[in-house]
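Grab a pencil and work through these exercises with the structure open. Each one sets a task and then walks through a solution.

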Amino acid sequence: LLWRAVSSRSGVRWSYAVLSIVIAVWFYPQRDMAVDVLAPEEARRVVSGLLQNIYRAFDFRREADVYDKLAISVSGDLLADVYLQNRRSMEIENQGGARARVETVELLSIAAVRIQSGEQAYRCVWTASGSVGHWGHVHRRKNRYEAILKVNLVAGAWKLTWMELLDELRVNTTRAVDAVGRE
């Protein structure tokens, strides 16, 4: 059919149309239904929720509880990395170091990006505000983070599966206040 259309003068236009359709279909990015792509508003909601959950996991004291809560929002190698990092910080705390508590997490910006593997990820900026207590007094702190985060559907739930931290900056620190509010 294509040969007949190409060989006739009236079929030249038709053959160009068919050829264009074939080329468009061939080169159209094939999107596997398993690929995890979120609409911008949904991405903001999902990533914000995951960040909140991750910081909340650190409120637990028992290691098993921390791991279980992290596993709700983090998956794969990243889960082990985040858990082990938290375990090291708990060891320092048990040796008399500072105790940190994050009270608020605010996602300031999120933009879809492609990472080296060609997969979609999100370049995010967020702040985490809270307190650090040690030696009987408390410091208020606010840190700003910038990272590329990859989220995927894992067993039907959105989870953080990869992260590259780009920047970490302390943006606010207040003076130490003791247990009764004195500086």
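**Exercise 1. Classify Tyr67 and Tyr83 by burial, then describe how their rings pair.**

Step 1: start with the burial classes, where buried means under 20% relative accessible area, exposed over 50%, and partly exposed in between (1.4 Å probe, protein chains only). Tyr67 has a relative accessible area of 35%, so it's partly exposed. Tyr83 comes in at 13%, so it's buried.

A word on the model: it's a predicted one, where local features need pLDDT of at least 70, side-chain atom pairs count only at pLDDT 80 or more, and totals for chains, interfaces and linings use all residues. Residues are numbered from 1 along each chain as its sequence is written, and side-chain values use heavy atoms, with hydrogens and water left out.

Step 2: apply the ring rule. Rings of Phe, Tyr and Trp (its six-membered ring) pair if their centres lie within 6.5 Å; planes under 30 degrees apart are stacked, over 60 edge-to-face, and the rest tilted. That rule gives 2 aromatic pairs. For Tyr67 and Tyr83, the centres are 5.1 Å apart and the planes sit at 90°, so call this pair edge-to-face.

Step 3: place the pair. Helices (H or I, at least four residues) and strands (E, at least two) are DSSP runs, numbered from the N terminus. Tyr67 belongs to helix α4 and Tyr83 to helix α5, so the pair ties together parts 16 residues apart in sequence.

**Exercise 2. Work out how the rings of Trp126 and Tyr145 are arranged, and what surrounds Trp126.**

Step 1: the ring centres of Trp126 and Tyr145 are 5.5 Å apart with planes at 25°, so this pair is stacked. Trp126 is in strand β2 and Tyr145 in strand β3, so parts 19 residues apart in sequence get tied together. Both Trp126 and Tyr145 are buried.

Step 2: list contacts, meaning heavy atoms within 4.5 Å. Setting aside neighbours within four places in sequence, Trp126 touches, among others, Leu51, Tyr55, Val105, Leu107, Arg144, Tyr145 and Leu149.

**Exercise 3. Find the largest nonpolar core and say which elements build it.**

Step 1: a nonpolar core is a set of buried Ala, Val, Leu, Ile, Met, Phe, Trp, Tyr and Cys residues joined through side-chain atoms within 4.5 Å. The largest one holds 28 residues, and Val47, Leu70, Trp126 and Leu149 have the most contacts inside it.

Step 2: two or more residues come from each of α3 (40-57), α4 (63-73), α5 (77-94), β1 (99-114), β2 (120-134) and β3 (137-154). Helix α3 gives the largest share, 8 residues.

**Exercise 4. Pick out salt bridges and check how accessible Lys150, Glu119, Arg144 and Glu146 are.**

Step 1: a salt bridge needs a side-chain nitrogen of Lys or Arg within 4 Å of a carboxyl oxygen of Asp or Glu. The whole structure has 9 of them.

Step 2: Lys150 bridges to Glu119, with the closest N and O atoms 3.0 Å apart. This pair links distant parts of the chain, 31 residues apart: Lys150 is in strand β3, Glu119 in the loop between β1 and β2. Lys150 is buried at 12% relative accessible area, while Glu119 is partly exposed at 35%.

Step 3: Arg144 and Glu146 also form a salt bridge (3.9 Å, N to O). Arg144 is partly exposed at 23%; Glu146 is buried at 15%. Through shared partners, salt bridges join Arg123, Arg144, Glu146 and Asp167 into one network.
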